[in-house]
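This briefing takes up a helix pairing, an internal cavity and an aromatic contact, in that order. Please keep the structure in view while reading.

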Amino acid sequence: MTIITRWISQRWVMAFMGMLGVTMAYVMRACLSITLTQMVKPVIVSDDLQTGVHHEYCPMPELSLNQTKTKINNKGFDWDEPTQGRVLSAFYYGYILTHLPGGVLSQKFGGKHTMGLGILSTALFTLITPYVANMGPTELTVLRFIEGLGEGTTFPALCTLLAQWAPPEEKGKLSTLVFAGVQIGNMLANSLSAFIMHYIPGGWPNVFYFFGIISLIWFLAWCMFVYNDPQSHPFISDEERDYLRRTIGSLERKKDLPPTPWKSILTSWPVWALIIVEAGHDWGSFTIISDLPKYMSDVLHFSVGQNGLLSSIPFLAQWVMSIGASVLADLLISKKLISITAIRKIYAIIGNIGPSIGVMCASFVGCNKFLATACFSIGMALMGFCYPSIRINSLDLSPNYSPTIMALVNGIGCLSGMATPYVAGILTPNRTVLEWRLVFWIMMVIMTTSSLIFGLFGSGEIQPWDDMEQYYLKEKEKQKQGLPMDEKLSIIHSKSIEEGRSKSIN
């Protein structure tokens with residue numbers, strides 16, 4: 001094993017296993033959205049509205065209508081739209097609470113076990129989901145809340161690992177590979193869930209059993225093959241370890257970090273710009289993740305098999321686009337054709353405004369299933385630009401404190417995940433095209449506004465408070481070259497020297 005692993009790039013092993021971990025996290029998070037279409041009794045639109053005369057209802061095919069009537073007569077949960085919205089949003093109430101603790105833990109102990117134990121707990125709770133669902137919506141809501149607690153550590157832990165393993169010129173590619181698990185997880189959550197429900201006896205409970213068991217297998221592999229940093233890895237080659245030490249250098253997360261500079265972080269315009277654009281991105285992303293299968297089923301009347309396949313296409317398009325966008329970003333940065341700040345801002349604007357336009361177009365094409373799917377797919381493809389942008393911007397701002405920043409950014413952004421399913425449930429009681437159009441209008445306004453704020457105040461540069469001593473040395477080097485030194489930094493550094501002298505005297 002030692003000989004084999006020394007021939008394999010361990011930073012790519014970490015990225016690949018991280019991608020699989022994110023995939024497991026998202027399949028367990030998102031599979032409930034499509035299983036709800038089979039768990040809950042459907043609503044039949046009255047015959048006079050099915051004709052499509054009123055335009056806000058899409059006509060239901062005769063075969064689908066008969067299947068729906070049959071399903072209503074069978075056993076199913078009698079949960080209305082607001083109840084379903086509460087169940088879907090409960091995950092994010094737990095998810096948001098463990099972001100900051102996850103950032104602190106991964107910063108102190110490393111990302112490997114912080115992430116691994118979180119996914120393990122989610123897998124165990126996923127396995128008991130069918131049993132709890134039969135107890136009632138309140139019990140399922142509580143379970144989903146607890147699942148969210150486990151997954152809240154995922155992204156802060158990954159930030160810690162990427163800060164240790166990703167060289168600057170490969171940061172876009174490695175990060176995009178890791179975060180590709182978001183799209184792959186959503187694709188598998190829809191397509192595999194539909195396949196399992198349609199073809200495997202036992203129906204929707206098998207979805208939770210399958211994904212729970214697969215996640216347990218991933219956890220065992222994660223413990224075997226992933227390490228916190230290159231220095232502690234027993235199988236990494238000397239060449240790769242030297243390369244990472246040379247390229248990452250001072251960007252590597254320090255083991256003896258001083259206390260987190262909360263005041264500097266919380267008063268940083270670039271940090272708040274990132275938080276705002278992430279919240280806007282998450283509003284759109286969680287709207288699609290939680291509600292696209294319901295839109296396909298309730299409004300466009302796709303069968304469960306069609307729903308699983310067609311709900312996956314937008315995420316496949318997003319995955320392909322994110323890979324192409326990340327390769328292009330790394331190429332432009334490495335050749336110094338464009339600054340890191342510029343590429344992050346341009347990509348964020350494309351990745352936020354593009355999807356909002358796509359879903360609006362989908363609502364205006366009405367009941368045309370082909371055009372609606374195409375609009376969703378094009379919009380979600382453009383969302384792929386966010387992954388080599390806002391998803392890794394915390395690493396740009398502060399490699400040392402990126403887990404804490406990621407915890408803040410992703411945690412506050414998840415307020416959107418708490419709100420969007422519930423808002424959609426309240427605004428779409430009759431499941432009409434017009435009701436959903438209002439949901440998409442809200443999504444467009446939020447995503448556009450947040451991306452413009454990031455365009456004004458965002459940054460791709462390391463902030464002075466990440467490592468004051470290192471930053472000061474860089475500024476001194478600029479001064480030697482005849483370039484102006486940061487006056488504010490000079491004052492801060494001088495004060496710190498005086499404080500140190502006074503302490504030594506006392």
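In this predicted model, Q10, R11, M14, G18, V22 and Y26 of helix α2 are in contact with F155, L158, L161, L162 and W165 of helix α10. By class, this contact brings together 8 nonpolar, 2 polar and 1 charged residues.

**Pairing of α2 and α10**
- The axes of α2, which covers residues 10-39, and α10, which covers residues 154-165, come within 11 Å and cross at roughly 170 degrees.
- Since angles over 145 degrees count as roughly antiparallel, α2 and α10 are therefore roughly antiparallel to each other.

**Cavities**
- The structure holds 6 cavities of 30 Å³ or more, and the second largest cavity encloses about 40 Å³ of space.
- W283, T287, D291, T420, V423, A424, V439 and I442 line the second largest cavity, and this lining divides by class into 5 nonpolar, 2 polar and 1 charged residues.
- Helices α15 (269-299), α21 (415-427) and α22 (433-457) each contribute at least two residues to the lining of the second largest cavity.

**Aromatic pairs**
- Across the whole structure, a search finds 16 aromatic pairs.
- One of these pairs is formed by W269 and F457, whose rings are stacked, with 4.9 Å from centre to centre and 25 degrees between the planes.
- This pair links distant parts of the chain, given that W269 belongs to helix α15 and F457 to helix α22, 188 residues apart.
- Helices α15 and α22 thus appear in two of the topics here, as they hold W269 and F457 respectively and also supply residues to the lining of the second largest cavity.

How values were computed. Residues numbered from 1 in each chain as written. Predicted model: local features only at pLDDT ≥ 70, side-chain atom pairs only at ≥ 80, totals over all residues. Heavy atoms only, no water. Axes fitted to C-alpha atoms, helices over the stretch in contact; angles between N-to-C directions. Helix = DSSP H or I, 4+ residues; strand = E, 2+ residues; numbered from the N terminus. Parallel < 35°, antiparallel > 145°, perpendicular 65-115°, else oblique. Contact = heavy atoms within 4.5 Å. Nonpolar A, V, L, I, M, F, W, Y, C, P; charged D, E, K, R; others polar. 1 Å grid on protein atoms, 1.4 Å probe; cavity = no way out; pocket = protein on both sides within 12 Å on 5 of 7 lines; lining within 4 Å. Points joined across faces, edges and corners; volume = space filled by probe spheres on them. Phe/Tyr/Trp six-rings, centres within 6.5 Å; stacked < 30°, edge-to-face > 60°.
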